[in-house]
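Welcome, and thanks for taking a look at this one with us. Here is a short briefing to read alongside the sequence and the model.

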Amino acid sequence: MAAGIWYFLGNQTYKMKGFIPVLTAVVSYMIVAVMDPSGAKTFDYLGGTGLFAALISSILSIELLRWLTNKKVGYISLEGQGVPEALTESFGMLIPVAIVLLVFGLVHAVTIALTGSAFPAIISTILAPVLKATDSIWGGIILVFLVMLFWWFGIHDSVITGPMGAFWATALAANISAYAAGTTGTQLPYVITEPYWWFFVMIGGSGATFGLVLLLCFACKSKQLKTVGKLGIVPAFFNINEPVIFGVPLMMNPIMAVPFIGAPVANMIITYICMSTGLVSRTVSYPGWNLFCPIAAMISTVDVRAFILVLVLIVVDALIYFPFIKALDREKLAEEKNAVQA
């Protein structure tokens, strides 16, 4: 995370070249994360539990280094002395980097002195209520509703789900640690994680359209809709549904708004109930968003009941979509007949 933040913020946005900035971001986080209050080394925060702290410390270290270098604070100038440009930049950053690392050393010392806990632990405590809210059934329902509502208006789901990645990664890391320590799959600490979202909620892609694709192929009479179904069935197995979203279309289509939003909401509710009551195990791995959902669900939970649950959810999604896609099918069929007669 620390190195990635440097690459996208420091290198791509601020055009800070060389290896010094990335080392600064990584070492800044290491300073506040690898020593416990007693002064002993610890690796507790080098996994998912340190994700938010890595995010915050990396951004702050890059911003501080950028400000110091722009203001030429402690800058060692070797320009015009025949020294290669790469060495000139490295020497110029030596004192600014030392200041950044000193600042983070002070942050670590002050945090320990005032709270008795390391910086990542404080960040985790502050964000615990937010993480808990994102793992609740109401938080999940609101998230699904907003994501799909924005999608219906043409705004990609990543606008909202992108920032959620940090929360989901932390939750999944906690589940993995608990599972490795011997906790059963039904008693893991978190329900909603990234594999939960892609394998149980958005089956076939955003809008839970796998059931819809089956209807397009086998229940529709309109040539246009059947063609969209044939084009979309193979990508749907890999959770890619742009052919369906743009081909039906689902976006800005008042007939399809209710199922497009309602099917994922139903999946969220049913899956949450099943996992929170122990009927199905919770997720402990993420094999990749484009793996066929029933198989991916079973792998991510190490539970064959997850495979069965996703099959049931596909049927539920198809039932939700059925009356709406049939209404659209009748409309499209009439348009096609009129076009032939004309």
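Does Lys132 count as buried or exposed? At 65% relative accessibility, Lys132 counts as exposed. Please keep in mind that this is a predicted model. The points below go from that lysine to the core, the aromatic pairs, the surface patch and the salt bridges.

**An exposed lysine and a buried serine**

- Lys132 sits in helix α5, which covers residues 119-134.
- Between Lys132 and Tyr190 there are 8.6 Å in space, C-alpha to C-alpha, although the two are 58 residues apart in sequence.
- Ser57 belongs to helix α3 (residues 51-70), and with 0% relative accessibility it counts as buried.
- Setting aside residues up to four places away in sequence, Ser57 touches three aromatic residues by name: Tyr29, Phe104 and Phe119.

**The nonpolar core**

- The largest nonpolar core is made up of 92 residues.
- Inside this core, the residues with the most contacts are Trp197, Leu216, Val248 and Ile325.
- Ile325 is in contact with Leu216 and Val248, and its other partners include Leu212, Leu215, Cys220, Leu225 and Met256, once neighbours within four places in sequence are left aside.

**Aromatic pairs**

- Nine aromatic pairs are found in the structure.
- One of them joins Phe210 and Phe237 edge-to-face, with 5.1 Å from centre to centre and 85° between the planes; that angle fits the label because planes over 60 degrees apart count as edge-to-face.
- Phe210 is part of helix α9 (residues 210-218), while Phe237 is in the loop between α10 (223-236) and α11 (242-247), so this pair ties together parts that are 27 residues apart in sequence.
- The two rings differ in cover: Phe210 is buried, at 5% relative accessible area, whereas Phe237 is partly exposed, at 33%.
- Phe292 joins Phe210 and Phe237 in one aromatic cluster.

**A nonpolar patch on the surface**

- Ile142, Phe145, Leu146, Phe150, Phe153, Ile155, Val159 and Met252 make a nonpolar surface patch of about 740 Å².
- With four residues, helix α6 (residues 137-152) gives the most to the patch.
- Phe145 is placed in helix α6 and has a relative accessible area of 41%, so it is partly exposed.

**Salt bridges**

- The structure has three salt bridges.
- In helix α3, Arg66 and Glu63 are three residues apart, about one turn of the helix, and they form a salt bridge whose closest N and O atoms are 3.7 Å apart.
- Both partners are partly exposed: Arg66 has a relative accessible area of 30%, and Glu63 has 29%.
- Asp303 forms a salt bridge with Arg305, where the closest N and O atoms are 2.9 Å apart.
- In that bridge, Asp303 is buried, with a relative accessible area of 7%, while Arg305 is partly exposed, at 38%.
- The side chains of Asp329 and Lys326 also meet in a salt bridge, at 3.8 Å from N to O.
- Asp329 and Lys326 share helix α14 (residues 304-341), where they are three residues apart, about one turn of the helix.
- Asp329 and Lys326 are both buried.

How values were computed
Residues are numbered from 1 along each chain as its sequence is written. This is a predicted model: local features need pLDDT of at least 70, side-chain atom pairs count only at pLDDT 80 or more; totals for chains, interfaces and linings use all residues. Side-chain values use heavy atoms; hydrogens and water are left out. Rings of Phe, Tyr and Trp (its six-membered ring) pair if their centres lie within 6.5 Å; planes under 30 degrees apart count as stacked, over 60 as edge-to-face and the rest as tilted. Helices (H or I, at least four residues) and strands (E, at least two) are DSSP runs, numbered from the N terminus. Buried means under 20% relative accessible area, exposed over 50%, partly exposed in between (1.4 Å probe, protein chains only). Patches are made of residues with over 30% relative accessible area and no salt bridge: like charges are joined within 9 Å, nonpolar side chains (Val, Leu, Ile, Met, Phe, Trp, Tyr) within 5 Å. Accessible areas come from the Shrake-Rupley method with a 1.4 Å probe; for residues, only the protein chains shown count as cover. A salt bridge is a side-chain nitrogen of Lys or Arg within 4 Å of a carboxyl oxygen of Asp or Glu. A nonpolar core is a set of buried Ala, Val, Leu, Ile, Met, Phe, Trp, Tyr and Cys residues joined through side-chain atoms within 4.5 Å. Contact means heavy atoms within 4.5 Å.
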